[in-house]
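Q: I'm new to this structure and would like a close look at a single part, the place where the two chains meet. Could you walk me through it and then show me what lies around it?

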Amino acid sequence: MSEREMTNTERELAEVVSAAAEERGRSKRDKLAIIAWDGHLDRIWPTLILSTTAAASGMEVSVFFTFWGLFALVRPGVRITGKDWMTKALSVMNPGSPGRAKLSRYNFAGAGPWMLGKLAKDYKTPHPSELLEMARDMGVRLIPCQMTMDLMGLTKEDLLDGLEEPIGAATALLEMKEAAIQLFI
Amino acid sequence: MAVITRTVDARGQSCPGPLVTLARQLKEAQAGDLLELLATDPGSRSDVPSWAELSGNELLEAAEGNGVFRYVIRKR
């Protein structure tokens with residue numbers, strides 16, 4: 001009798017242990033989740049290098065573009081964005097797409113980004129504009145922040161094709177929670 | 001003696017070029033295929049083994065000669 005109860009307890013214990021292991025496995029997926037907050041060229045660049053490398057390693061990758069980071073997803077041809085004079089003025093001061101992104105330091109009115117671009121070309125390191133395309137082709141999920149789109153007056157037409165549906169903070173947290181690696185860049 | 005089914009020439013490319021090129025070619029290969037990766041990026045010495053560990057593909061050989069790094073990978 002007691003032996004049988006013991007067996008049941010053990011079985012229950014084993015179930016709990018395996019459920020816990022499964023839960024841990026779920027919460028630590030082979031996934032990289034990045035919050036791309038900064039729009040500077042020298043921040044977007046490593047974000048995209050890590051994303052493409054993770055995708056090349058077979059990892060699942062999602063990048064949530066918020067605040068200044070979202071401007072990296074603006075279509076290269078789109079100049080002025082926004083819905084009123086303030087958002088329009090912001091878009092002039094902070095032009096979209098990696099091709100026009102500024103450096104966080106040594107920008108020197110565009111001389112810095114130009115030199116970095118030239119060096120990258122000479123050393124055959126892909127520029128963020130190319131990396132963004134590579135990332136998309138490799139299945140990296142590029143996710144715009146809905147709130148930033150509303151705040152900055154950015155429409156879906158202003159942004160690149162092939163992006164995920166815009167999401168909010170809770171969904172971004174869920175993306176991070178299930179990822180083995182989470183970064184805020 | 002196993003036969004190399006595909007050569008991935010990533011000479012001249014630098015990070016993350018070689019791994020992205022390798023991953024693209026790997027997609028078209030069959031499981032168990034042997035791929036040869038040629039690279040000149042010195043960063044590949046640490047990055048190719050790390051990539052193998054992350055992706056679960058097997059790194060069989062790593063050699064260097066005349067400024068070219070050569071890696072043999074077995075697709076998982």
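A: Let's start with something that isn't there: the rule finds 0 salt bridges across the interface of chain B and chain A. Keep in mind that this is a predicted model. What the interface does have is polar contact, with 4 residue pairs counted between chain B and chain A, both partners being at pLDDT 80 or more.

On chain B's side, two helices are worth finding. α1 and α2 (44-55) of chain B each supply at least two residues to the side that touches chain A. Of the elements there, α1(B) gives the most, with 4 residues. Sort the residues on this side of chain B by type and you get 7 nonpolar, 4 polar and 1 charged.

How big is the meeting place? In terms of residues, 12 from chain B are in contact with 15 from chain A. The size of an interface is often given as the accessible area lost when the parts come together. Here chain B and chain A bury about 1100 Å² between them, and 61% of that is on carbon and sulfur atoms.

Just before α1 of chain B there's a detail to look for. B:Pro16 sits in the loop between β1 (4-10) and α1 (17-28) of chain B. The peptide bond joining B:Cys15 to B:Pro16 is cis, with omega about 0 degrees.

Now for the nonpolar packing. In soluble globular proteins, nonpolar side chains tend to be buried together. The largest nonpolar core in this model has 54 residues, and those with the most contacts inside it are A:Phe65, A:Leu73, B:Leu22, B:Leu37 and B:Trp51. Helix α2 (residues 41-56) of chain A brings the largest share of this core, 8 residues. Take B:Leu37 as an example: leaving aside residues up to four places away in sequence, it touches B:Val8, B:Ala10, B:Pro18, B:Leu22, B:Val48, B:Phe69, B:Arg70, B:Tyr71 and B:Ile73. There's also a second, separate core of 9 residues, which includes A:Phe64, A:Cys145, A:Met176 and A:Ala179.

Finally, chain A has a couple of backbone oddities. A:Phe67, in the loop between β2 (60-65) and α3 (85-93) of chain A, has a positive phi, near 45 degrees, though it isn't a glycine. A:Phe67 counts as partly exposed because its relative accessibility is 31%. A:Ala109 is another non-glycine with a positive phi, about 50 degrees, and lies in the loop between α3 and α4 (111-122) of chain A. At 83% relative accessibility, A:Ala109 counts as exposed.

Key. Residues are numbered from 1 along each chain as its sequence is written. Chains are lettered from A and ligands numbered from 1 in the order in which they are written. This is a predicted model: local features need pLDDT of at least 70, side-chain atom pairs count only at pLDDT 80 or more; totals for chains, interfaces and linings use all residues. Side-chain values use heavy atoms; hydrogens and water are left out. Buried means under 20% relative accessible area, exposed over 50%, partly exposed in between (1.4 Å probe, protein chains only). Contact means heavy atoms within 4.5 Å. Buried area is the accessible area (1.4 Å probe) that two parts lose on being put together, summed over both. A salt bridge is a side-chain nitrogen of Lys or Arg within 4 Å of a carboxyl oxygen of Asp or Glu. A polar contact is a pair of N or O atoms within 3.5 Å; within protein, one must be able to donate a hydrogen and the other to accept it, and residues adjacent in sequence count only if both atoms are side-chain atoms. Ala, Val, Leu, Ile, Met, Phe, Trp, Tyr, Cys and Pro count as nonpolar, Asp, Glu, Lys and Arg as charged, and the others, Gly among them, as polar. A nonpolar core is a set of buried Ala, Val, Leu, Ile, Met, Phe, Trp, Tyr and Cys residues joined through side-chain atoms within 4.5 Å.
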